[in-house]
Amino acid sequence: MKVVVIVPTYNEHGNIVGLIEALCLQFASLRHDMNILVVDDHSPDGTAEAVRELLPRHPELRLIEGRKAGLGAAYIRGMTYAIEAMAAEVVFEMDADFSHSPADVPRLLAEIDAGADFVIGSRYVAGGSIPKNWSFLRRLNSLGGNIVARYLAGIYRVRDCTAGFRAIRVSVLRDIDFSRLRIQGYAFQVALLHAAVTDGARVVEVPVDFIDRTQGESKLGLSDIIEFVENAWWIRLQSAQTFIKFGVVGATGVIVNLGFFTLLLGMGLNKFLASPIAIEVSIVTNFLLNNFWTFRERETRDRVHIKGLKFNAVSLLSLGVSYATFVAFSSAFPAMPPQVPQFVGILPATLVNYFLNSYWTFRETEVSKNS
Ligand code: GDD
Ligand code: MN
């Protein structure tokens, strides 16, 4: 398996050479094809020059350089290069400042070998840690970032959402449109994790000790924090929007259903015939609205005609559920105006419709578990 450890650098002259050497030492004991990709943004301290001097002696080492636009922008460039120019099958995210220990690389990779898609070097699972000497404010900041990511962005089951030490299967990255993440800075960590979780990636957290850097300084700035919170809100609004749209479509379906039903009754149609026709019409309008509005953004595996076929199957089932409810209620309460049992029938049918269409018809493309 071809593995590329991506190391973004900005003014890491005092760290990068030592890190590359320490990584190569670890690589010697691994049976995979291990490589390093340094993504430098023309660091004024000569980081790139130091890496360039190592290139002749290290065939597994690559360097790309770009304009400084933030940590996320650097990772997007690095991942794209690792996939397209290096044919990577697994990529690592790793800091250059020894906050992430090269000795932990084999443990993260072992989880990929065991079938995980997205492995996180986690400070917040049992056995992991942050430096003992961190001030209350620094702890609060790190904890706050994770609370925002978990409860605002909705990545509930991951403990360390902001970690920058990760091993990721390229099959997961291929399904993610980086430009849709809309980030430049450190918010990339949460945006990428959220996209992977949404796509059904198998996430595993491995405990690691985060070590404070001794050389150079952190590049995390105020604009990164602002973008971080903005990004979490954006993710939250996106999910709320889908839910609200579904509700709106459902409400129009009720109006279409009852409106058509009343219209057909007025035309003198028998209520037991008018009912399924009205149900079918509302199911069709619901599908069209959900397909071209609610789930427009979802990247579904199926072509439209397959989705149409699935929709027809779901429709038939929903129609059966709705009609059975109508017949049962009409027979039990014959004196009721027929609109009441017709309305009651909508409820169970909506549930069936929602779950089958959301998890089957419009299911987001699944990530292959092993490749
Ligand atoms: N190319 C490039 N461009 N590299 C960058 C940039 C950039 O704009 N900004 C930061 N880096 C590099 C740094 O040189 C370092 O190798 C790595 O990215 C991490 O940057 P630090 O500045 O050391 O980050 P940190 O220690 O504050 O944050 C760490 O912890 C966070 C969670 O608490 C990182 O691991 C983050 O990824 C993580 O989110
Ligand atoms: Mn750091």
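Which helix and strand each supply at least two residues of the shell around ligand 1? Let's zoom in on this predicted model and see.

**View 1. Two elements that help build the shell around ligand 1.** Here you can pick out β1, which runs over residues 2-9, and α3, which covers 71-84. Each of them gives the shell at least two residues. In this close-up, try counting the kinds of residue in the shell: eight are nonpolar, seven are polar and another eight are charged.

**View 2. The nearest neighbours of ligand 1.** There are 23 residues around the ligand, and five of them come nearest. Those five are Glu12, Asp95, Thr162, Ser218 and Lys219.

**View 3. Polar atoms facing ligand 1.** Start with Asp95, where a polar side-chain atom sits 2.5 Å from an oxygen atom of the ligand. Thr9 uses its backbone instead: one of its N or O atoms is 3.1 Å from a nitrogen atom of ligand 1. Thr162 also takes part through a backbone N or O atom, this time 2.6 Å from a ligand oxygen. As for cover, ligand 1 on its own has 740 Å² of accessible area, and the protein covers 93% of that.

**View 4. The pocket that holds ligand 1.** Take the ligand away in your mind and look at the space it fills. That space is the second largest pocket.

**View 5. Stepping back to the two domains.** The domain assignment puts residues 2-220 in domain 1 and residues 240-365 in domain 2. How far apart do the C-alpha centres of domain 1 and domain 2 lie? The answer is 46 Å.

Methods. Residues numbered from 1 in each chain as written. Chains lettered and ligands numbered in written order. Predicted model: local features only at pLDDT ≥ 70, side-chain atom pairs only at ≥ 80, totals over all residues. Heavy atoms only, no water. Near = heavy atom within 4 Å. Polar contact = N/O pair within 3.5 Å; in protein donor to acceptor, adjacent residues only side chain to side chain. Areas by Shrake-Rupley, 256 points an atom, 1.4 Å probe, with all protein chains shown as cover. 1 Å grid on protein atoms, 1.4 Å probe; cavity = no way out; pocket = protein on both sides within 12 Å on 5 of 7 lines; lining within 4 Å. Sits in = over half its atoms within 2 Å of the grid points. Helix = DSSP H or I, 4+ residues; strand = E, 2+ residues; numbered from the N terminus. Nonpolar A, V, L, I, M, F, W, Y, C, P; charged D, E, K, R; others polar. Domains from an automatic or database assignment.
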